[in-house]
Amino acid sequence: MKQASGAASAPPVTRQMHRGADAVRLAKSITPRIVSNISDLLGNPLMRIVTGGVLHETSTFASGVTVVRDFETGIGCARGREIVDKYRGANFCVGGFIDGAEKHGFELIPLLWAFAFPSAVIERASYDTLKNEFLDGVRREMARGIDGVLLDLHGAMVVDGIDDGDGDFMASVREVAGPNIPIIVTTDLHGNHAPLRVAAADAIIGYDTYPHIDMAERGREAADLIVRAIRGEVRPVSAIRQLPLFWSAACQVTAHPPMDELIRLVHEVERRPGMLSATISTGFPWADVPDMGASVIVVADGNREAAQAAANEIGDWVWARRERWYKQPPKVQAAIAEGQKIGRFPIMLADMADNTGGGAPGDSTEVLRTFVEQDLSDALVLYMVDPDVAKQVHAAGVGSKLHVELGGKSDPIQGPPVPLDVEVIALSGGRFRYDGPMYAGVTGELGLSAWLRYRGINVVVVSVRMQPLDQAFARSFGIDCSKMKYISVKSAVHFRSGFEQLGGQIFNINASAIHSHDFASLPYRRRRKMWPLDSIEK
Ligand SMILES: [Zn+2]
């Protein structure tokens with residue numbers, strides 16, 4: 001269940017097939033952290049669960065390829081014991097798996113966890129390298145006996161030649177682990193789910209929140225479920241209902257209408273007797289693959305027909321209300337004018353077509369150019385990705401005034417660079433600690449960075465593509481976001497977790513960039529028919 005249950009200090013669990021009375025007694029008297037040492041002494045009496053994942057949200061519209069190095073220098077990468085050291089307490093699903101191991105006392109065997117920034121299609125050889133490393137680990141541990149697999153995946157991974165990257169990963173793990181070992185997977189709310197993955201995994205549990213603030217909670221839920229499955233208390237079986245519809249980011253905010261009502265329905269369904277989990281996924285539309293789109297996955301206890309019926313029930317509910325989930329976003333000037341008319345500040349412009357969190361380059365210039373043309377005061381852009389300008393202003397130093405050609409270098413659709421005579425207010429190496437609800441405590445690395453000012457307009461220039469999830473990085477320069485009247489973020493929704501408290505107005509806008517939400521303008525070639533662009537008979 002989404003509402004994680006159970007006593008905080010339940011005794012360690014032992015493997016059903018390999019239980020020994022002495023082991024149980026000993027295990028009960030020790031802290032979970034050293035359980036694995038004792039279990040070694042006793043010849044593996046404890047439940048052993050391998051874990052890890054290769055996480056990527058792939059934009060097939062982004063240029064270039066994603067390679068192993070992008071995983072090693074991305075959101076996070078660790079191997080073996082280092083995974084526990086780095087991600088215990090972190091708001092990632094793997095952090096929740098670690099919590100689960102400590103709560104239940106099972107032995108968690110971390111293999112490889114690698115999370116690249118969203119970017120272009122993954123090079124086939126790089127994917128094979130990462131997958132084979134993980135599979136080799138599973139094989140090695142199989143020789144000692146394992147009881148389950150907990151996978152932390154994104155759900156929208158595309159590999160060169162493999163449209164359903166996550167499905168391939170799950171199916172490969174299934175092939176190695178065999179048919180009887182429970183495999184439970186957590187995924188992002190933006191997975192493009194397809195039948196292969198539902199067939200390969202016993203259960204797929206997706207995030208319930210956007211902004212995503214429940215990753216660790218979903219990880220704990222997966223850990224609770226796999227323990228029950230290994231003990232034989234439940235038999236998770238899954239069903240999927242795919243929904244061929246485009247879902248606007250502005251209509252996905254789970255705490256607000258219209259999305260909150262759907263999340264309540266999902267929770268109501270999974271609380272019913274015989275149900276173990278229900279997930280709504282809104283899909284990741286910048287992947288031009290046949291299974292791109294929204295979906296519902298329901299996990300039931302032993303009854304696949306019941307799971308399918310519940311998935312269809314939620315799917316029908318969503319489909320019947322499909323007008324709710326799509327909204328054409330306003331242009332930049334229209335949003336600014338509307339915000340000024342209402343007069344509640346800051347006016348926040350979510351420049352979602354250039355959302356670095358979805359793999360966009362982060363250097364589109366339409367919003368900045370509009371700010372300059374309107375000569376706005378107390379305006380702020382978070383963040384402009386421009387490593388060249390970052391280097392240039394670092395060389396010039398704090399307090400210097402110089403000419404820069406800012407942004408607009410990655411792709412013509414991102415707009416031309418904006419020529420500006422700026423003052424360098426502050427410089428940074430780009431390292432900081434997030435303090436908002438999404439990544440609190442996680443270290444961010446944005447590379448060479450700077451706070452530049454042109455008249456009343458402030459721009460934070462960074463070298464690494466990452467969306468603003470909270471105000472921590474701006475604050476590290478001395479910028480007080482609450483004093484700003486106009487803030488533009490290269491983000492669709494996640495920024496809300498760290499900026500909604502400013503109490504202004506938020507507009508999801510349509511400015512020129514590669515990830516347009518005007519889906520008719522995108523050069524799709526392989527997607528299926530999708531509402532509202534195509535007529536679909538249901
Ligand atoms: Zn997401």
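This report describes the two domains of a predicted model and the empty spaces found in it.

**Domains and their interface**

The chain divides into domain 1 (21-324) and domain 2 (332-517). Taken over C-alpha atoms, the domain centres are 32 Å apart. Domain 1 brings 22 residues to the contact and domain 2 brings 23 residues.

The size of an interface is often given as the accessible area lost when the parts come together. Between domain 1 and domain 2 the buried area is about 1,900 Å², and carbon and sulfur atoms give 66% of it. On the domain 1 side, F117, P211 and W286 supply 27% of the area buried against domain 2, more than any other three residues. Zero salt bridges are found across the interface of the two domains.

**Pockets and cavities**

Rolling a probe the size of a water molecule over the atoms shows where empty space is left. The count of cavities of 30 Å³ or more comes to two. The table sets these beside the largest pocket.

| Space | Volume | Nonpolar lining residues | Polar lining residues | Charged lining residues |
|---|---|---|---|---|
| Largest pocket | about 430 Å³ | 13 | seven | five |
| Largest cavity | about 400 Å³ | 19 | 12 | three |
| Second largest cavity | about 80 Å³ | five | two | four |

**The largest pocket**

The lining of the largest pocket is made up of 25 residues, and those nearest its centre are I75, G76, Y87, V442 and T443. Three elements each give two or more residues to this lining: β2 (76-79), α4 (81-87) and β15 (443-445). Strand β15 gives the largest share, three residues. The largest pocket lies between domain 1 (21-324) and domain 2 (332-517), because both domains give residues to its lining.

**The largest cavity**

The largest cavity has a lining of 34 residues, with E57, H212, G357, Q467 and H494 nearest its centre. Domain 1 and domain 2 each provide at least three residues of this lining. By class, 19 of the lining residues are nonpolar, 12 are polar and three are charged.

**The second largest cavity**

Around the second largest cavity, the lining includes the residues G155, A156, M157 and V158, along with D163 and D164. The rest of this lining consists of N192, A194, R197, V289 and D291. Four of the lining residues of the second largest cavity are charged, five are nonpolar and two are polar.

Conventions. Residues are numbered from 1 along each chain as its sequence is written. This is a predicted model: local features need pLDDT of at least 70, side-chain atom pairs count only at pLDDT 80 or more; totals for chains, interfaces and linings use all residues. Side-chain values use heavy atoms; hydrogens and water are left out. On a 1 Å grid over the protein atoms alone, a cavity is a set of points where a 1.4 Å probe fits but cannot get out, and a pocket is an open set with protein on both sides within 12 Å along at least five of seven lines; lining residues have an atom within 4 Å of a point. Grid points are joined across faces, edges and corners, and a volume is the space filled by probe spheres set on the points. Helices (H or I, at least four residues) and strands (E, at least two) are DSSP runs, numbered from the N terminus. Ala, Val, Leu, Ile, Met, Phe, Trp, Tyr, Cys and Pro count as nonpolar, Asp, Glu, Lys and Arg as charged, and the others, Gly among them, as polar. Domain bounds come from an automatic or database domain assignment. Contact means heavy atoms within 4.5 Å. Buried area is the accessible area (1.4 Å probe) that two parts lose on being put together, summed over both. A salt bridge is a side-chain nitrogen of Lys or Arg within 4 Å of a carboxyl oxygen of Asp or Glu.
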